[in-house]
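Colleague: Hey, got a minute to go through this model with me? I'd like to start with the charged pairs and then wander a bit.

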Amino acid sequence: MAKRQYEVWKGKNIFIFKGRLIFGPDAKSLIITVLLIIVPVIIFCTNVARNLINEIPGNIQGFAILLVTVVLTIYVLLLLLLTSARDPGIVPRNPNPPTEELCYDSSASIDAFGSRSQTPTPRLPTTKEVIVNGVAIRVKYCTTCMLYRPPRCSHCSVCDNCVERFDHHCPWVGQCIGMRNYRSFFMFISSASLLCIFIFAMSALNIKFLVDDNGTVWKAMKESPLSVVLMVYSFIFLWFVGGLTCFHLYLIGTNQTTYETFRYRGVQRPRVYDHGCFNNFREIFCSKIKPSRNNFSAYVGENERGPGNLGMNYNYAGELDGNRREKVEDDREIGGDLLKISQRPE
């Protein structure tokens, strides 16, 4: 019986609706992220916004505050869904190594019986050079996906996929951030920052009205402790998502990715992809999102279900296991560095 692509997928992704929505293996963290957004908004709407409706002369302005809160929250949640449930730019795996890149090692080798054999051993170079904007760029061979990664592509150690224009794997959205969902990711964190600012400002406004009614700040805080809690909560999360927004504004302006910034920090590299600040922003926000290279709901044949080796044993030049361990360590280090950046004072 024929199976669909998502049913035989070799990565660690989670699929729903017959492959129409794709998540990372840590998609359960989305529940925490959604609760961190919805719970304070519900508290704000049922307490602070209700009091502002009574305090502000004319019910229209008070209801406008409530309406803006609900609309902005729905917008943030939709951006979160677009970021986490979309193919980030996964490069399809090859069923076999690229034979056109094979070279043969003519040195004598020892076969399974312990005798020396002069048969050339097929070998795949671990890197090759491609030309990007007139500059030679070295790309690596991925032994998992059996392909030479396109420029700016990297293999995510969490999802176990090669992702085009790989930025980082975000545990808060449970998905890789890459070529196809970077725009929605940036809009998500920037909109979440605006939501934090709005709730903080409206909670402070509510305290001001209570101070006018009670005479002292302490009495106002005692009358509406939830306003104080929301102000502290919004300030803490604004420190995180606001710092992250500023960092990604810098990355967009210089046309860099998080992975490139931390992977090659301290190394002088030509900025091959930098076309100027204006063109870099236009590339991210005004260019058309490329269609997915995968049709996860399509049926696949028996010969497409798993990679083979054509009956050959390949010798890969270089220390591939060491590179894989290094990649996992890099991903963890990038996650820690992003947390430090988001907590850095502006």
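Colleague: Which residue does Asp160 form a salt bridge with?

Modeller: With Arg93, and the closest N and O atoms are 3.4 Å apart. Keep in mind that this is a predicted model.

Colleague: Where do Asp160 and Arg93 sit in the chain?

Modeller: The pair links distant parts of the chain, 67 residues apart. Asp160 is in the loop between β11 (154–156) and β12 (161–163), while Arg93 is in the loop between α2 (59–84) and β4 (103–105).

Colleague: And is Asp160 buried or exposed?

Modeller: Asp160 is buried, at 19% relative accessible area. The cut-off is under 20%. Its partner Arg93 comes out at 22%, so Arg93 counts as partly exposed.

Colleague: How many salt bridges does the count come to?

Modeller: Five. Among them is Asp212 with Lys208, at 3.3 Å from N to O.

Colleague: How far apart are Asp212 and Lys208 in helix α3?

Modeller: They're four residues apart in α3 (residues 182–214), which means about one helical turn separates them. Asp212 is exposed at 51% relative accessibility, and Lys208 is partly exposed at 47%.

Colleague: Got another one for me?

Modeller: Sure, Asp274 and Arg271 have side chains that meet in a salt bridge, with 3.9 Å from N to O. Asp274 is partly exposed there, with 28% relative accessibility.

Colleague: Switching to helices. What does the UniProt annotation "transmembrane region" cover?

Modeller: The record, an unreviewed entry, puts that annotation on residues 30–49, 61–83, 185–207 and 227–253. In the model, residues 30–49 are 100% helix, with end C-alpha atoms 27 Å apart. Residues 185–207 are also 100% helix, and the end C-alpha atoms of that span lie 33 Å apart.

Colleague: Which residues make the nonpolar surface patch?

Modeller: Phe200, Val232, Phe235, Ile236 and Trp239 make it, and the patch is about 470 Å². Helix α5 (residues 225–254) gives the most, with four residues. Trp239 lies in α5 and is partly exposed, at 36% relative accessibility.

Colleague: What about Thr33, buried or exposed?

Modeller: Buried, with a relative accessible area of 7%. Thr33 sits in helix α1 (residues 29–55). Setting aside neighbours within four places in sequence, Thr33 is in contact with Leu80, Trp172 and Phe188.

Colleague: Now the strands. What's the order in the open sheet of three strands?

Modeller: It runs β8-β9-β10, with antiparallel pairing. β8 (127–132) and β10 (147–148) are at the edges with a single partner strand each, so one side of each has no neighbour in the sheet.

Colleague: How many bridges join β9 and β10?

Modeller: Two, and the pairing of β9 (residues 135–142) with β10 is antiparallel. Tyr141 stands opposite Tyr148, which is in β10.

Colleague: Zooming out, how many helices and strands are there in the chain?

Modeller: Eight helices and 16 strands. The chain has 346 residues, and 42% of them count as buried. It exposes about 19000 Å², with carbon and sulfur atoms supplying 61% of that.

Colleague: And for contacts between residues at least 6 apart in sequence, what share joins residues at least 24 apart?

Modeller: That share is 68%. The salt bridge we began with, Asp160 to Arg93, is one link between distant parts of the chain.

Note on methods:
Residues numbered from 1 in each chain as written. Predicted model: local features only at pLDDT ≥ 70, side-chain atom pairs only at ≥ 80, totals over all residues. Heavy atoms only, no water. Buried < 20%, exposed > 50% of the residue type's maximum accessible area, 1.4 Å probe, protein only. Contact = heavy atoms within 4.5 Å. Areas by Shrake-Rupley, 256 points an atom, 1.4 Å probe, with all protein chains shown as cover. UniProt positions renumbered as here; feature names shortened; annotations may be inferred. Patch = residues over 30% accessible without salt bridge, like charges linked within 9 Å, V, L, I, M, F, W, Y side chains within 5 Å. Salt bridge = Lys/Arg side-chain N within 4 Å of Asp/Glu carboxyl O. Pairing = 2+ DSSP bridges.
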